[in-house]
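User: Please take one part of this structure and look at it closely, then follow its surroundings outward in a single connected account. I would like the cut-offs behind each term as it comes up.

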Amino acid sequence: MEDLLKGKGYKITGARLAILDVFSKAKLPLRGEDVYKELKRDKNNRVINEATVYRTLTSFAEGHILKRIDFRKGSAYFELALEHHHHIACIKCDTVEDFESKDVEKALGGIVRNSSQFINIQDHSLELFGFCKKCS
Ligand SMILES: [Zn+2]
Ligand SMILES: [Zn+2]
């Protein structure tokens, strides 16, 4: 995680490392409040305040360390930008599932080739919304 910060030109601070550590252990995207709650459980991290968490998340998203995900829930979700995948999110509850699909990636590549104005796409995000088994 230190290399990741250095590689992106960030100074290494305890708060930044602690926040990245939360993400490296998380299985699913997190909101600022989730990160803050997680940090508070560890007494070494209790000095990090909520404003610092939100500021760091925004900065990491701008620096492409984190990816911001819009689940249409009011607050933004974040996850490490290292790996590429997509999500399915429940409209009613907080259930989220990751998915990867070679077919989807291939199809998106074809869309770029057929575009009249774009020759190169840097990134994309794709979220599916529906009802989980519990909520339907
Ligand atoms: Zn649900
Ligand atoms: Zn994709």
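Analyst: The largest cavity encloses about 40 Å³ of space, where a cavity is a set of points, on a 1 Å grid over the protein atoms alone, at which a 1.4 Å probe fits but cannot get out, and a volume is the space filled by probe spheres set on the points, with points joined across faces, edges and corners. This is a predicted model, in which local features need pLDDT of at least 70 and side-chain atom pairs count only at pLDDT 80 or more, while totals for chains, interfaces and linings use all residues. Residues are numbered from 1 along each chain as its sequence is written, chains are lettered from A and ligands numbered from 1 in the order in which they are written, and side-chain values use heavy atoms, with hydrogens and water left out.

The structure holds one cavity of 30 Å³ or more. Its lining, meaning residues with an atom within 4 Å of a point, consists of Lys67, Arg68, Ile69, His85, His87, Ser125 and Glu127. By class there are one nonpolar, three polar and three charged residues, where Ala, Val, Leu, Ile, Met, Phe, Trp, Tyr, Cys and Pro count as nonpolar, Asp, Glu, Lys and Arg as charged, and the others, Gly among them, as polar. Strand S2 gives the most to this lining, with three residues; strands (E, at least two residues) and helices (H or I, at least four) are DSSP runs numbered from the N terminus. Because domain 1 (1-82) and domain 2 (84-136) both contribute residues to the lining, the largest cavity lies between them, with the domain bounds coming from an automatic or database domain assignment.

The largest pocket also draws on both domains, taking at least three lining residues from each of domain 1 (1-82) and domain 2 (84-136). A pocket differs from a cavity in being an open set of points with protein on both sides within 12 Å along at least five of seven lines. About 220 Å³ of space lies in the largest pocket, and its lining is made of Lys8, Ala61, His64, Leu66, Lys67, Arg68, Ala81, Glu83, His84, Gln122 and Asp123. Strand S2 (residues 66-69) is again the leading contributor, with three residues, and the lining divides into three nonpolar, three polar and five charged residues.

Two of these lining residues deserve further comment. His64, in the loop between helix H4 (50-62) and S2, has a positive phi near 60° although it is not a glycine. With a relative accessible area of 58%, His64 is exposed, on a scale where buried means under 20%, exposed over 50% and partly exposed in between (1.4 Å probe, protein chains only).

His84, for its part, is a donor to the zinc ion (ligand 2), alongside His86 and His124, each through NE2, and Glu105 through two OE entries, at 2.0 to 2.7 Å from the ion. Donors here are N, O and S atoms within 2.8 Å of the metal (3.2 Å for Na, K and Ca), and water is not among the atoms, so sites may look incomplete. The donor residues follow the spacing H-x1-H-x18-E-x18-H, and the pair of His84, in the loop between S3 and S4, and Glu105, in helix H5 (residues 102-114), links distant parts of the chain, 21 residues apart. His84 is partly exposed at 31% relative accessibility, and Glu105 is partly exposed at 29%.

The zinc ion (ligand 1) has Cys90, Cys93, Cys132 and Cys135 as protein donors, each through SG, at 2.2 to 2.4 Å. The four donor atoms subtend angles of 103 to 116°, which makes the arrangement tetrahedral, a label given to four donors if all angles lie between 85 and 135 degrees; four count as square planar and six as octahedral if opposite donors are over 155 degrees apart and all others between 65 and 115, and anything else is irregular. Cys93 is buried at 18% relative accessible area, and Cys132 is buried at 14%.
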